[in-house]
Amino acid sequence: VTRVVYEAYPGVIPDPFTERYTITLDEIRFERTGGDPVNRGVWTLAAPPGSIETLFETLGAVECRQIKRVLPEGWPDEAPLGGSVTTYRIEYEGGVFELRYGDGVWYEGAKVMTDPIRDFLRAIDFPEEAWGPYLEH
């Protein structure tokens with residue numbers, strides 16, 4: 001594993017924005033684009049020692065062939081369009097594996113990939129200025 005990218009777009013809401021976390025062995029980059037200009041920015045985040053290496057080892061052991069895309073009935077003609085989209089991407093030397101949730105699409109067996117990424121991101125400390133859209137105004 002050389003890079004992990006988690007990206008979330010909340011869908012059609014007032015001031016929609018996209019959040020992207022790019023994780024490499026050297027850094028965690030958090031970027032928020034779109035939405036209110038006050039909430040846009042790029043931040044470098046810190047991870048607990050050894051946690052990036054552990055994440056990469058865990059994801060490197062994922063058997064991607066075992067993860068199956070599941071489409072909703074009637075997709076794409078009857079899919080609920082315009083909602084949120086969440087993407088998980090693992091980049092390897094010589095390849096990429098990506099899960100794109102949205103429009104009713106989900107993946108059977110994907111928790112072995114998505115849970116470690118989500119758990120890792122929950123353990124990250126965010127600078128106060130990065131909390132913009134999550135604070136009450």
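This is a short talk through the fold of one protein chain, going from its overall layout to its second helix and then to its paired strands.

Let me say at the outset that what we have on the screen is a predicted model, and that the protein chain averages a pLDDT of 85, with 82% of the residues scoring at least 70. If we look at the individual elements, helix H1, residues 51-60, has the highest mean pLDDT, at 96, while strand E3, residues 28-34, has the lowest, at 89.

As for the layout, the protein chain holds two helices and eight strands, and reading from the N terminus the order is β-β-β-β-α-β-β-β-β-α. Of its 137 residues, 37% count as buried, and the accessible surface comes to about 8,500 Å², of which carbon and sulfur atoms contribute 50%. If we take the contacts between residues at least 6 apart in sequence, 56% of them join residues at least 24 apart.

Let me turn to helix H2, which covers residues 111-122. Its 12 residues, at 1.5 Å a residue, should span 16 Å, and the C-alpha atoms at its ends are indeed 16 Å apart, so the expected and modelled spans agree. Which residues of H2 are buried? They are Met113, Thr114, Ile117, Phe120 and Leu121. Because these residues cover an arc of only 135° around the axis, they sit on the same side of H2. On the other side of the helix, by contrast, Lys111 and Arg122 are exposed. The cover over the buried residues of H2 includes strand E1 (3-9), strand E2 (17-23), E3, H1, strand E6 (85-92) and strand E7 (95-101).

Within that buried set I would like to pick out Thr114, which lies in H2. Its relative accessible area is 7%, and since the cut-off for buried is under 20%, Thr114 counts as buried. Leaving aside neighbours within four places in sequence, Thr114 is in contact with Tyr88, Leu99 and Tyr101.

That brings us to the strands, beginning with E6 and E7, which run antiparallel and are joined by seven bridges. Within this pair, Thr87 stands opposite Arg100 in E7. The hairpin of E6 and E7 has two residues between the strands, and in it Gly94 takes a positive phi near 90°.

Also in strand E7 is Glu98. Is Glu98 buried, exposed or something in between? With a relative accessible area of 38%, Glu98 is partly exposed, because that class lies between the 20% and 50% cut-offs. Again setting aside neighbours within four places in sequence, Glu98 is in contact with Thr87, Tyr88 and Arg89. Glu98 and Val5 are 93 residues apart in sequence, yet their C-alpha atoms are 9.1 Å apart in space.

Finally, let me go back towards the N terminus, to E2, E3 and E4. E2 and E3 pair in the antiparallel sense over seven bridges, and a hairpin of four residues joins E2 to E3. In this pairing, Arg20 has Glu31 in E3 as its bridge partner. E3 also pairs with strand E4, residues 41-45, again in the antiparallel sense, here over five bridges, and Ile28 stands opposite Leu45 in E4. E3 is thus paired with E2 and with E4, and E3 is also among the elements that cover the buried residues of H2.

Note on methods. Residues numbered from 1 in each chain as written. Predicted model: local features only at pLDDT ≥ 70, side-chain atom pairs only at ≥ 80, totals over all residues. Heavy atoms only, no water. Buried < 20%, exposed > 50% of the residue type's maximum accessible area, 1.4 Å probe, protein only. Contact = heavy atoms within 4.5 Å. Areas by Shrake-Rupley, 256 points an atom, 1.4 Å probe, with all protein chains shown as cover. pLDDT = per-residue confidence, 0-100. Expected span 1.5 Å × (residues − 1). Arc of directions from axis to C-beta. Pairing = 2+ DSSP bridges.
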